[in-house]
Amino acid sequence: MSLHGRNVLVLEDEPIILLNVSRALQRGGATVRRARTVAKALVGLAEGGIDAAILDVNMGQGETCRAVAEGCRNRSIPFCLYSGDLAEAGELVSSLKAPLIQKPASDRTIVTGVAELFDVPG
C-alpha cells in the first residue's frame, strides 16, 4: 500500500533518526510533520490534518510518547510505536496496545508498518 496523500506525524527526539524516518515516509509518498518533542507533537495533533503517526517510545529525560499516543487515540488517528529499547520500554509498549516497529528498521519496514495502519479488515 502507498502512503500517497497521507499526512504522517513523526515523533522522534534524535535528529538523525527523525530525518531518516521522515525521508523513508516521504519516499513512500507521505507528507510528513516532524516533532522532536511531545509538546510539539501535541500541537501538531491539535492543528489537525494528521492521518497517522509513528511515535518513538522513549523521548529522553524520562519522557515517553504516552500523551501523544493518547491524543492520537482520542482523535481516532492510527499510530505505531518505534523503539529499540524494549527492555526499558516493554511495559509501556504493551500498555499502549499499538503495532511496534523495532529500531533500527529499513525504509521498507517503516513505510510498510505505517501503511498497514490504514488496512481495514474486510
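## Salt bridges and a parallel sheet: worked exercises

In this predicted model, Arg 27 and Asp 107 make a salt bridge, with 2.5 Å between their closest N and O atoms. Let's start from that pair.

**Exercise 1.** Work out where Arg 27 and Asp 107 sit along the chain, and decide whether Arg 27 is buried or exposed.

*Solution.*
- Step 1: place the partners. Arg 27 belongs to helix 1 and Asp 107 to helix 5, so the bridge ties together distant parts of the chain, 80 residues apart.
- Step 2: check Arg 27. Its relative accessible area is 58%, and exposed means over 50%, so Arg 27 is exposed.
- Step 3: check Asp 107. Its relative accessible area is 34%, so Asp 107 counts as partly exposed.

**Exercise 2.** Find which residues the salt bridges join into one network.

*Solution.*
- Step 1: get the total. The structure has four salt bridges.
- Step 2: take Lys 103 and Glu 12. Their closest N and O atoms are 3.0 Å apart. Lys 103 lies in the loop between strand 7 and helix 5, while Glu 12 lies in the loop between strand 1 and helix 1 (15–27), and 91 residues separate the two.
- Step 3: take Asp 56 and Lys 103. This salt bridge has its closest N and O atoms 3.1 Å apart. Asp 56 is in strand 3, 47 residues away from Lys 103.
- Step 4: put them together. Through shared partners, Glu 12, Asp 56 and Lys 103 form one network.
- Step 5: look at the acids. Buried means under 20% relative accessible area, so Glu 12, at 1%, is buried. Asp 56, at 3%, counts as buried too.

**Exercise 3.** Lay out the strand order of the open sheet, then say which strands helix 5 touches.

*Solution.*
- Step 1: write down the order. The sheet is open, with five strands running 2-1-3-6-7 and pairing in parallel.
- Step 2: find the edges. Strand 2 (31–35) and strand 7 (100–102) each pair on one side only.
- Step 3: add the twist, which averages 20° from one strand to the next.
- Step 4: zoom in on one pair. Strand 3 (residues 52–56) and strand 6 (residues 79–83) pair in the parallel sense over four bridges, and Ala 53 stands opposite Phe 79 of strand 6.
- Step 5: bring in the helix. Helix 5 (residues 107–115) packs on the sheet, touching strand 1 (7–11), strand 3, strand 6 and strand 7. The direction of helix 5 makes about 175° with that of strand 7.

Notes: Residues numbered from 1 in each chain as written. Predicted model: local features only at pLDDT ≥ 70, side-chain atom pairs only at ≥ 80, totals over all residues. Heavy atoms only, no water. Pairing = 2+ DSSP bridges. Axes fitted to C-alpha atoms, helices over the stretch in contact; angles between N-to-C directions. Contact = heavy atoms within 4.5 Å. Salt bridge = Lys/Arg side-chain N within 4 Å of Asp/Glu carboxyl O. Buried < 20%, exposed > 50% of the residue type's maximum accessible area, 1.4 Å probe, protein only.
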